[in-house]
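User: I am new to this protein and would like to understand how its descriptions are reached. Could you take me through the reasoning step by step?

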Amino acid sequence: MSHTAHIPSHRKPRQSASKTALRAGVAGGVLSTIAVAGAAGPAQAEPVTQTIEMPTITAGFSTTVAASAQATQQVALDLETQAHEDAAAADAAKTAKKAKAEAVRKAEAEKKAEAAAKEKAEAAERASRSAERTTLSASSGSSGSSSSSGSSVSSASTYSSNATGSAASVVAFAQSQIGDAYVSGGTGPNSWDCSGLVQAAFRTVGVDLPRVSQSQSTAGTQVSLSNLQPGDILYWGGAGSAYHVGIYVGGGQFVGAQNSSTGVVQKSLDYDPPSGAVRVL
C-alpha cells in the first residue's frame, strides 16, 4: 500500500468551465451598467465643492418682528388720536370765539338798556320835581292870599327874602332839595332822610351837626315855637329823643325829608306841628 494513499489532498478542485463563464458574464454586465450610467450623466458637470445651509428662524427673531409690527400699529393709533384732538381743539376754539362775541353783544345790549332806563328815571324825576314845585308855587300863592286875610302862611319867595346871612344859605339849600326821594340813612345828593338833609344844609355854612335827629334836637339853644327864625332846626318828639327834624324857612313853613311817600317837601307848620326847636346860627 502506498504511503500517500491515505493522505488527503489540500488543493482546491478546479472549477468547471461553465461556472467560470457565468462569472465572466456577471462581471461584464456590471461593468456595462457602470459605463451606461456614466454616459447618461451631464458631459460638463462640475464637482460640488460646498454645501449651502438655509437660515433658521429663531424665537428671538420672531419676537422682534412682532414688536416692530406692534410699534407701527401704535404710531398709527397715536397719529389718529392726535388728529381727533386737533379737530376737537379747533371746534372748541370756534365755539369759544362765538360765545365771547355773543357775551360782548349781550353786555352792550344790557349797557344800552341800563342807560335808557337811567335816562328815563332821571326824566321822570325831573318831571316829578317840576310837578312838585308847580304844586308848591300854587300852594304858596294860595297861602299868600290867606296871609292877607290873617293867616300866618305866606309864599315861598317871602320865606327866602326874610332869611339873611348863613340862615339864607341853609334855607336855600334845603329848598333846592324839594322833590328828592326819602331814603332811610340817605345823605344825598338825590335822596335823604330827615337828619341827613339837615346836616347837609348846615354843612354848607361850615356848621358840623351830629348825624341823627336825637342829637340834632339838642345841638343848639332851645327856642320857643312862637319865636322862630329862618334856619332854626325843628324837631318832633322830646329834646334828646326826637324821631324827626326839619328846617324852618320862615312864613310858618318848614322843609323836611318827611317819608318815602312824600320825599323832601315844604309844608306848613299846621301840616305837622313840631314839638320844639333849637337855634344853631
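User: What makes helix α4 a neighbour of the strands, and at what angle to β5 does α4 run?

Analyst: In this predicted model, helix α4 (residues 165–176) lies across β5, β6 and β7. The direction of α4 is at about 115 degrees to β5. Another helix, α5, also packs on the sheet and touches β4, β5, β6 and β7. For α5, the angle with the direction of β5 is about 45 degrees.

User: How many strands does that sheet have, and in what order do they come?

Analyst: There are 6 strands, in the order β3-β8-β4-β5-β6-β7. The sheet is open and its pairing is antiparallel. β3 and β7 (263–268) each have a single partner strand, so they stand at the edges, with one side of each left without a neighbour in the sheet. On average, neighbouring strands are turned by 35 degrees against each other, direction ignored.

User: How do you know that β8 pairs with β3 and with β4?

Analyst: Two strands pair if there are at least two bridges between them. β3 and β8 have 3 bridges in the antiparallel sense, and β4 is joined to β8 by 3 bridges, also antiparallel. With 3 bridges in each case, both pairs meet the rule. Ala277 in β8 helps to picture this: Val223 stands opposite Ala277, and Ala277 is also the bridge partner of Leu234. In general, strands of a sheet pair through backbone hydrogen bonds.

User: What makes β5 and β6 a pair?

Analyst: The rule asks for at least two bridges, and β5 and strand β6 (residues 253–259) have 3, in the antiparallel sense. Within this pair, Gly250 stands opposite Gln253 in β6.

User: Which way do the residues of β8 point, and are they buried or exposed?

Analyst: Gly276 and Val278 point one way from β8, while Ala277 and Arg279 point the other way. These residues are all buried.

User: Why is Arg279 called buried?

Analyst: Buried means under 20% relative accessible area. Arg279 has a relative accessible area of 18%, so Arg279 counts as buried.

User: What makes Asp232 and Arg279 a salt bridge?

Analyst: The closest N and O atoms of Asp232 and Arg279 are 2.9 Å apart, and the rule asks for a side-chain nitrogen of Lys or Arg within 4 Å of a carboxyl oxygen of Asp or Glu. The pair therefore counts as a salt bridge. It links distant parts of the chain, 47 residues apart: Asp232 is in the loop between β3 (221–223) and β4 (233–236), and Arg279 is in strand β8 (residues 276–279). Asp232 is buried too, at 2% relative accessibility.

User: How many salt bridges are there by this rule?

Analyst: The count comes to 3. Another one joins Asp193 and Arg211, whose closest N and O atoms are 3.1 Å apart. Asp193 lies in the loop between β2 (191–192) and α5 (194–203), and Arg211 in the loop between α5 and α6 (213–216), so the pair ties together parts that are 18 residues apart in sequence. Asp193 is buried at 9%, whereas Arg211 is partly exposed at 27%.

User: Where do Arg105 and Glu102 lie, and why is Arg105 called partly exposed?

Analyst: Both Arg105 and Glu102 are in helix α2 (residues 59–148), 3 residues apart, which is about one turn of the helix. They form a salt bridge, with the closest N and O atoms 2.5 Å apart. Partly exposed covers values between the 20% and 50% limits. Arg105, at 45% relative accessibility, falls there and so counts as partly exposed. Glu102 is also partly exposed, at 33%.

User: How do you know that His244 is buried, and what does its side chain meet?

Analyst: His244 has 9% relative accessibility, and the cut-off for buried is under 20%, so His244 counts as buried. The place of His244 is in strand β5 (residues 244–250). Its side chain is joined to that of Gln258 by a polar contact of 2.9 Å. Leaving aside residues up to four places away in sequence, His244 touches several residues, including Cys194, Ser213, Leu234 and Trp236.

Key: Residues are numbered from 1 along each chain as its sequence is written. This is a predicted model: local features need pLDDT of at least 70, side-chain atom pairs count only at pLDDT 80 or more; totals for chains, interfaces and linings use all residues. Side-chain values use heavy atoms; hydrogens and water are left out. Helices (H or I, at least four residues) and strands (E, at least two) are DSSP runs, numbered from the N terminus. Buried means under 20% relative accessible area, exposed over 50%, partly exposed in between (1.4 Å probe, protein chains only). A polar contact is a pair of N or O atoms within 3.5 Å; within protein, one must be able to donate a hydrogen and the other to accept it, and residues adjacent in sequence count only if both atoms are side-chain atoms. Contact means heavy atoms within 4.5 Å. Axes are lines fitted to C-alpha atoms, for helices over the stretch in contact, and angles run from 0 to 180 degrees between N-to-C directions.
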